[in-house]
Amino acid sequence: MDRIVIGKVIKPQGIKGEIKVDITASDKQLVSKLKEIYLDNVSYKVTSVKNLVNGVFFKLEGVDDRNQAELLRGMQVSFKRDKMPKLEEGRYLIADIIGSEIIVCEKTIGVLDNILQYGAADVYVVKGINNNKDFMFPCLKTVLLKVDIDSKKIYLNSEILEQIAVYED
């Protein structure tokens, strides 16, 4: 079963069985459209979702009080890929691009190893290959030429990358 991990249950919220989830997905609005989630390997119907500044709160069918919600603490939260709401053009899931080849001037220089989400722009962390150093760069529209999810390749503008990349020593 192909599932996408979106976070982890942090704690119960309130007395009616809501859970607070630490969301690792960059699009919290996408998460709010889910009708079913998995906690570890158990399926739950989502009855409501609240996106607040300090977290995302889920109310799940069959979890009706704080004690039941407490039993879910620490569980991994995921959903079935085929139940995912449609993404806007040019948007993709982090899970779909991790491991992608990084290509500059038709040469593979590394593999996308991680994506850091700190604020204004995601930061792509690249593991260099073929004697290329590891580096990172803010993911800006000006540096991304093409993201090909099917072939797991990301094409970058070499001139812009040269200006914004930070290389490890």
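**Exercise 1. The surroundings of Glu70**

Task: Determine whether Glu70 is buried, partly exposed or exposed, and which residue forms a salt bridge with Glu70.

Solution. Step 1: Glu70 has a relative accessible area of 34% and is therefore partly exposed; buried means under 20% relative accessible area, exposed over 50%, and partly exposed in between, with a 1.4 Å probe and protein chains only. The model is a predicted one, in which local features need pLDDT of at least 70 and side-chain atom pairs count only at pLDDT 80 or more, while totals for chains, interfaces and linings use all residues. Residues are numbered from 1 along each chain as its sequence is written, and side-chain values use heavy atoms, with hydrogens and water left out.

Step 2: The salt-bridge partner of Glu70 is Arg73, with the closest N and O atoms 2.6 Å apart. A salt bridge requires a side-chain nitrogen of Lys or Arg within 4 Å of a carboxyl oxygen of Asp or Glu. Arg73 is likewise partly exposed, at 43%.

**Exercise 2. Other salt bridges**

Task: State how many salt bridges the whole structure contains, and which parts the pair Asp2 and Arg81 ties together.

Solution. Step 1: The search of the whole structure gives 7 salt bridges.

Step 2: One of them links the side chains of Asp2 and Arg81, at 2.8 Å from N to O. Asp2 lies in the segment before β1, and Arg81 in the loop between β6 and α3 (94–97), so the pair connects parts that are 79 residues apart in sequence. Helices (H or I, at least four residues) and strands (E, at least two) are DSSP runs, numbered from the N terminus.

Step 3: Asp2 is partly exposed, with a relative accessible area of 46%, and Arg81 is partly exposed at 27%.

Step 4: Another salt bridge joins the side chains of Asp64 and Lys59 (3.5 Å, N to O). Asp64 is exposed at 52%, whereas Lys59 is buried at 16%.

**Exercise 3. Ser78 in strand β6**

Task: Locate Ser78 and describe its contacts.

Solution. Step 1: Ser78 belongs to strand β6, residues 76–80. With 3% relative accessibility, Ser78 counts as buried.

Step 2: Its side chain makes a polar contact with the side chain of Arg3, at 3.3 Å. A polar contact is a pair of N or O atoms within 3.5 Å; within protein, one must be able to donate a hydrogen and the other to accept it, and residues adjacent in sequence count only if both atoms are side-chain atoms.

Step 3: Leaving aside residues up to four places away in sequence, Ser78 touches Arg3, Ile4, Val5, Ile6, Ile37, Tyr38 and Asp40; contact means heavy atoms within 4.5 Å.

Step 4: The strand β6 pairs with β1 in the antiparallel sense over 5 bridges, and Lys8 stands opposite Gln76 in β6. Strands pair if DSSP finds at least two bridges between them.

Step 5: β1 is also joined to β2 by 6 bridges, again antiparallel. In the hairpin of β1 and β2, with 4 residues between the strands, Gly14 has a positive phi near 75°.

**Exercise 4. The nonpolar cores**

Task: Identify the residues with the most contacts inside the largest nonpolar core.

Solution. Step 1: A nonpolar core is a set of buried Ala, Val, Leu, Ile, Met, Phe, Trp, Tyr and Cys residues joined through side-chain atoms within 4.5 Å.

Step 2: The largest such core has 22 residues, and Ile19, Ile37, Leu39, Phe58, Leu60 and Leu72 have the most contacts inside it. Elements that give two or more residues to this core include β1 (3–13), β3 (36–39) and β6.

Step 3: A separate second core of 17 residues includes Val104, Leu112, Ile115 and Ile154.

**Exercise 5. The open sheet**

Task: Give the strand order of the open sheet formed by 7 strands, and explain what is left at its edges.

Solution. Step 1: The order is β11-β12-β7-β8-β9-β10-β13, with mixed pairing.

Step 2: β11 (144–148) and β13 (166–167) are the edge strands; each has a single partner, so one side of each lacks a neighbour in the sheet.

Step 3: Within the sheet, β8 (residues 107–117) and β9 (residues 122–128) run antiparallel and are joined by 7 bridges. Gly110 has Gly128 in β9 as its bridge partner.
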